[in-house]
Amino acid sequence: MTKKKVSTFFTYFFLIIGALIMIFPFYWMIASSFKTAAEYNSYPPVWIPSNWLNVSNFVEAFKAAPFARYFLNSVVVTVSCVILTSITTILGAFGFSRMRFPGREVIFGLLLSLMMVPFEMLVITNYQTVTKLGLVDTLPVLILPFSTSIFYTYILKNFFDSIPDSLYYSARIDGASNWKYLWRVMVPIAKPSLVTIILLDAIACWNSFMWTQLTIHVDKLRTLPMGLFVFMSDEGSNPQLQLAAATVCVLPMIILFLFARKYIVNGVARGGIKG
Amino acid sequence: MRVKIENLTKRFDDAVAVDNFNMTFEDGELVALLGPSGCGKSTTLNMLSGILPVTEGHIYFDEDDVTKVPPQNRGVGLVFQNYALYPHMTVLENISFPLEIKKVPKEERIKRATEMARLVQIDKYLDRKPKALSGGQQQRVAIARALVKQPRLLLLDEPLSNLDARLRLEMREEIRRIQQETGVTTIFVTHDQEEAMSISDKIVLMKDGHLQQVSDAQTLYDDPHNEFVASFLGNPPINKLYGYIKDGKFVLEDGSATVNIDNPNVKEGQTVVLGIRPEAIQLNQPQVDLTAVIKQRYTMGKEELAFVNVGNQTIRVYLSNDYEFAVGDSVNIKLRKKGSFLFDRETGARI
Ligand SMILES: Nc1ncnc2c1ncn2[C@@H]1O[C@H](COP(=O)(O)OP(=O)(O)O)[C@@H](O)[C@H]1O
Ligand SMILES: [Mg+2]
């Protein structure tokens with residue numbers, strides 16, 4: 001073997017090892033959710049469940065706790081968050097990128113500096129706010145505080161800035177209003193960036209835990225991560241049920257990611273568009 | 001439509017981009033707005049389209065004062081230097097976008113857009129996205145999009161400067177053809193004198209935000225109002241001899257030669273510039289205005305030219321084939337009246 005081949009071999013060898021280490025917990029989770037209790041507890045471990053169509057763990061988990069309800073709550077919260085965040089992000093980015101108003105730079109700078117404040121600190125003030133508004137133990141408490149994002153606004157504004165002015169002027173001459181121009185020209189051009197933003201936001205919403213734990217104490221309002229957490233402590237002796245529930249929790253985001261992967265790579269690789 | 005500009009002025013902070021511009025564009029004319037980079041051509045165009053607010057002055061479309069009318073209500077089509085096509089739309093969608101905004105029914109939209117695409121000969125590519133088109137094709141799409149809503153005024157901002165030389169020639173004629181077929185009043189911005197001369201009915205020459213001269217290309221060349229106009233046009237450029245007036249004659253700066261000039265407007269002692277187009281210089285004729293020494297010869301295309309010294313100043317002349325010329329030779333120069341101009345040294349104004 002030549003030197004080059006050796007180095008290629010080792011590169012791939014370590015990459016494969018790394019990938020296996022990354023994938024293994026996921027595989028274990030998904031595989032175990034199809035195992036029987038005996039299979040799961042046997043030693044040496046059973047790597048492959050005997051029956052991939054054995055859905056009894058899912059059935060039992062759904063019986064033991066209202067996972068369907070949790071799932072629905074998660075979907076409602078995530079979809080609402082994503083829709084609201086997208087709208088505020090798009091409008092905010094358009095305003096800061098395209099509109100001229102006094103104090104624009106200062107206001108945007110102030111907003112950016114807020115990104116330095118850690119989320120954990122905001123939790124306290126946010127909690128007081130939602131308590132005063134009487135939102136504790138309602139679904140909106142999981143949505144409203146997350147309906148804007150300075151970070152995403154910043155990302156999208158930068159993208160909007162890279163769209164040539166001449167497109168805007170051209171559209172204005174053609175009779176398009178700011179509103180029409182935004183939705184008919186800017187947003188479609190920014191699609192890769194927007195998909196990335198939506199995906200990141202969906203994942204963050206879906207996985208949100210600390211805030212949910214603080215503000216939701218009613219079982220039927222729990223989201224999946226929260227429900228899973230409670231289920232874990234209740235069903236400590238049935239890990240294959242826990243892993244089935246965990247699979248239900250994780251799978252939607254993985255599927256979403258696989259669908260949107262093409263856009264994300266594009267969104268990251270493509271800083272702007274040609275002039 | 002007739003377009004009239006009255007005392008049009010545009011200031012950016014302190015900088016004056018367009019200064020007290022007066023001009024009338026007649027209905028159906030194709031006018032070239034010509035001038036060096038940064039002279040305010042785009043600014044003027046953008047004020048006409050309504051993109052840029054006017055600092056002072058007025059713009060009239062026929063009888064209407066449109067100075068404060070927003071761009072969408074002016075009925076103008078504008079083609080940008082970079083074409084500004086919408087990258088996510090197909091050619092057809094791009095061309096029909098102005099109609100879509102106007103809420104024209106879809107069927108008619110497609111019909112009119114397709115017709116327009118045919119006019120600019122891009123109808124083979126209706127389903128393509130702009131990035132799958134060449135520069136010249138993108139250009140045609142941009143023109144079609146500007147024309148589809150039947151504007152009263154078509155504005156083109158250096159539309160050919162992104163094209164290669166060959167395509168530029170072709171597109172020049174295309175623009176001329178399309179303009180004649182539609183009869184729309186058209187203002188064409190360029191910094192290229194040749195482009196302006198070949199395409200337009202009339203040339204408006206600008207410098208530093210000021211209007212210099214308005215006329216057809218030939219008049220601009222043969223009868224420039226000032227030194228700038230004379231030196232902006234022409235290739236090879238006009239020769240300049242610096243000097244002053246003594247006894248009604250032109251005397252070279254170093255006093256080494258005198259030229260009889262037949263100009264009643266000169267003042268005694270006035271410092272002047274004698275502008276002479278290279279083709280207005282005849283060598284070794286019976287009549288002699290000046291003598292010169294050949295410094296260096298060169299060729300441009302089929303022509304033979306030379307730099308010659310007159311006193312301590314250098315000018316360009318065409319060498320005729322009738323004589324043998326060698327570097328260091330002394331030659332007699334005769335100036336033709338046509339192509340020789342006298343300018344005031346201070347103001348640059350023609351005398
Ligand atoms: N938005 C602007 N802000 C400040 N100065 C500007 C702006 N646009 C143009 N200018 C200035 O106005 C002058 C004319 O510009 P422009 O009309 O673009 O020239 P041209 O199109 O003839 O090359 C230039 O000196 C330019 O720097
Ligand atoms: Mg310009």
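Leaving aside neighbours within four places in sequence, A:T212 is in contact (heavy atoms within 4.5 Å) with A:L142, A:T223 and A:M226. This threonine belongs to helix α12 of chain A, residues 210-215, where helices are DSSP runs of H or I with at least four residues, strands are DSSP runs of E with at least two, and both are numbered from the N terminus. A:T212 counts as buried because its relative accessibility is 1%; buried means under 20% relative accessible area, exposed over 50%, and partly exposed in between, with a 1.4 Å probe and protein chains only. The model is predicted, so that local features need pLDDT of at least 70 and side-chain atom pairs count only at pLDDT 80 or more, whereas totals for chains, interfaces and linings use all residues. Residues are numbered from 1 along each chain as its sequence is written, chains are lettered from A and ligands numbered from 1 in the order in which they are written, and side-chain values use heavy atoms, with hydrogens and water left out.

A second buried residue of chain A is A:Q240, which has a relative accessibility of 5% and is found in helix α14, residues 239-269. Apart from neighbours within four places in sequence, the contacts of A:Q240 are A:S32, A:S33, A:K35, A:A37, A:Y40 and A:N57.

The cysteines were examined with a distance rule, by which a disulfide is a pair of cysteine sulfur atoms within 2.5 Å. In chemical terms, a disulfide is a covalent bond between the sulfur atoms of two cysteines. The count by this rule is zero over all chains. A:C81 is in no disulfide, and the nearest cysteine sulfur, that of A:C205, is 3.1 Å away. A:C205 is likewise in no disulfide, with the sulfur of A:C81 as the nearest cysteine sulfur at 3.1 Å. A:C81 is buried, at 0% relative accessibility, and A:C205 is also buried, with a relative accessible area of 11%.

Chain B contains eight helices and 20 strands, and its C-alpha trace spans about 75 × 45 × 30 Å along the principal axes. Of its 351 residues, 53% count as buried. Among the contacts in chain B with a separation of 6 or more, 67% are accounted for by residues 24 or more positions apart. The accessible surface of the chain comes to about 16200 Å², and 44% of this surface belongs to carbon and sulfur atoms; such areas come from the Shrake-Rupley method with a 1.4 Å probe, and for residues only the protein chains shown count as cover.

Four strands of chain B form an open sheet in the order β2-β1-β4-β5, with antiparallel pairing; two strands pair if DSSP finds at least two bridges between them. The edge strands are β2 (15-25) and β5 (64-65), each of which pairs on one side only. Strand β4 (residues 56-61) is joined to β5(B) in the antiparallel sense over two bridges, and B:Y60 has B:D65 in β5(B) as its bridge partner. Elsewhere in the chain, strand β6 (residues 76-79) runs parallel to strand β7 (residues 153-157), to which it is joined by four bridges, and B:G77 stands opposite B:L154 in β7(B). Both faces of β6(B) are covered, since B:V76 and B:L78 on one side and B:G77 and B:V79 on the other are all buried. In a regular strand the side chains alternate between the two faces of the sheet.

Ligand 1 is surrounded by residues of chain B that each have a heavy atom within 4 Å of it, namely B:F12, B:A17, B:P36, B:S37, B:G38, B:C39, B:G40, B:K41, B:S42 and B:T43. An oxygen atom of ligand 1 lies 2.5 Å from an N or O atom in the side chain of B:T43, and an oxygen atom of the ligand is 2.6 Å from an N or O atom in the side chain of B:S42. At B:G40, a backbone N or O atom is 3.1 Å from an oxygen atom of ligand 1. On its own the ligand has 560 Å² of accessible area, and the protein covers 55% of it.

The largest share of the shell around ligand 1, three residues, comes from helix α1 (residues 41-49) of chain B. This helix is largely enclosed by the rest of the structure, because eight of its nine residues are buried; these are B:K41, B:T43, B:T44, B:L45, B:N46, B:M47, B:L48 and B:S49. The helix is followed by B:G50, whose phi is positive, near 95°.

Note on methods:
A polar contact is a pair of N or O atoms within 3.5 Å; within protein, one must be able to donate a hydrogen and the other to accept it, and residues adjacent in sequence count only if both atoms are side-chain atoms.
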